[in-house]
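Please examine the structure shown below alongside its sequence. The paragraphs that follow lead from the interior to the surface and end at a peptide bond.

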Amino acid sequence: MLYVFAFISLLENRPTQLNWTFFLFLAFGIASEAIGFWVNNAVKPQVRITGGMLINVLASIVLQNAAAILVGSLSLIFTGLFLVKSKRPTSYVFNVSQIGLSTFLALITYRTLRTENLVTNMWLVLLVGIVYMFSNAMLSAFAIYFGGNVGMLASLKLATRSPLLSASFMLPLASVSYLLYELVGISAVPLVFAILTAIQVGNMFRNEYEQSKLDKLKLMVKSLELRDFYTYGHSERAAELAHSVAKALGLSERLCERIKMACMLHDVGKIGIPDYILGKPEKLSDAEFEIIKTHPVKSEELLKSVKGLREEARWVRHHHEHWDGLGYPDGLSGEQIPLPSRIIAVADIYEALTSDRPYRKAYTKEQAIEMIKQMSGNVLDPKVVEAFLKVMGVNHSGNGTAREQG
């Protein structure tokens with residue numbers, strides 16, 4: 001209905017609406033969407049950050065009618081069809097509608113509250129940008145909430161994390177853009193686009209820098225496993241299992257992917273453990289075991305060096321905590337241990353049990369599952385063990401006090 005209104009409005013006001021100003025905004029709207037970049041490259045679903053918000057907010061102020069809705073929507077349609085080439089039609093249609101509705105709310109806000117005072121209107125433009133930004137985030141949150149097994153608060157966090165933070169930096173620029181437009185007219189739009197492009201290029205390089213740090217961590221894990229024949233492929237297998245257990249617990253796909261990434265990197269801190277300890281065929285001495293126990297903290301420190309993995313770093317720190325509080329490094333127990341850490345723990349232990357080690361041969365799948373059952377309620381979270389057994393296709397029975405470290 002919103003787009004029917006937009007087209008009718010354009011047709012009824014063709015002399016004032018279908019002019020070069022509209023097409024200039026449309027051209028820069030398409031260009032601003034085209035210079036977007038992907039963030040969270042290691043975690044699905046990925047998020048694409050563009051400068052479309054700035055152009056759409058400025059259009060809602062300058063055009064002040066249905067033409068502004070079409071600028072945002074047509075820019076996204078063109079980019080999706082010819083540049084990004086979206087492969088999920090439902091998500092694509094939702095995104096187009098979301099941009100149209102957000103722009104509509106922005107222009108209604110400005111039209112209702114605008115004054116004759118330039119300074120007051122500059123502050124109003126900030127409010128218009130906030131309305132656009134939060135309506136966009138709320139619509140995304142509802143889409144996540146209704147589309148997966150995740151609560152409303154978690155949906156809001158997912159919807160607002162990267163896009164909202166990035167967009168918030170553009171709010172002051174929206175106000176400055178309005179001032180430039182009032183001072184020099186439509187020629188301000190190319191200048192705004194140039195500023196926007198510079199910001200986007202800077203953001204893109206910063207994102208690539210963070211991605212390069214993540215790639216280095218992955219290489220460190222690979223090199224660590226190449227040093228030790230017994231652990232070759234351990235992290236990848238554990239990561240796949242952790243993802244499956246997380247899904248069995250009903251967690252959102254995005255959270256499952258984050259847990260998978262954390263599990264992939266959970267042992268990266270072992271890069272600082274001497275080879276003679278990692279490959280020692282005999283039982284470790286107390287001093288050597290104390291050195292081994294430092295690797296979760298070292299892994300946390302390495303993951304924290306990547307801006308987008310701060311939460312994952314905390315999960316990795318606690319993947320050797322025990323349900324009964326007898327683990328390390330902090331002696332957390334029960335629900336004090338982050339759920340992702342508890343999931344990583346069961347995947348890590350199972351993969352350790354079913355792999356050859358310098359001091360023993362691998363246990364069979366059946367033996368490892370029985371040992372996992374025995375760890376339920378003391379080493380491992382019973383709820384997570386139940387999900388693990390579901391993934392493995394077996395029923396839960398038995399109890400005990402067995403302990404094994406990956």
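Is Ser102 buried or exposed? The model is a predicted one, and in it Ser102 has a relative accessible area of 0%. Because buried means under 20% relative accessible area, Ser102 counts as buried. This serine belongs to helix α6, which spans residues 89-113. Leaving aside residues up to four places away in sequence, Ser102 is in contact with Tyr132, Ser135, Asn136 and Leu139.

A second buried position is found in helix α3, residues 20-34, where Phe22 is located. The relative accessible area of Phe22 is 3%, so this residue is likewise classed as buried. Phe22 is separated from Ala67 by 45 residues in sequence, yet their C-alpha atoms are 7.0 Å apart in space.

Attention now turns to the surface. Arg206, Lys304, Lys307 and Arg310 together form a positive surface patch. One of these residues, Lys304, lies in the loop that runs between α16 (295-303) and α17 (310-317). Its relative accessibility is 43%, and Lys304 therefore counts as partly exposed, a category that falls between the cut-offs of 20% and 50%.

The last feature concerns the backbone. Most peptide bonds are trans. The bond joining Tyr328 and Pro329, however, is a cis peptide bond, with omega at about 15 degrees. Pro329 is situated in the loop between α17 and α18, the latter helix comprising residues 339-353.

Definitions and conventions:
Residues are numbered from 1 along each chain as its sequence is written. This is a predicted model: local features need pLDDT of at least 70, side-chain atom pairs count only at pLDDT 80 or more; totals for chains, interfaces and linings use all residues. Side-chain values use heavy atoms; hydrogens and water are left out. Helices (H or I, at least four residues) and strands (E, at least two) are DSSP runs, numbered from the N terminus. Buried means under 20% relative accessible area, exposed over 50%, partly exposed in between (1.4 Å probe, protein chains only). Contact means heavy atoms within 4.5 Å. Patches are made of residues with over 30% relative accessible area and no salt bridge: like charges are joined within 9 Å, nonpolar side chains (Val, Leu, Ile, Met, Phe, Trp, Tyr) within 5 Å. Accessible areas come from the Shrake-Rupley method with a 1.4 Å probe; for residues, only the protein chains shown count as cover. A salt bridge is a side-chain nitrogen of Lys or Arg within 4 Å of a carboxyl oxygen of Asp or Glu. Lys and Arg count as positive and Asp and Glu as negative; His and the chain ends are not counted. The place of a charge is taken as NZ of Lys, CZ of Arg, CG of Asp or CD of Glu.
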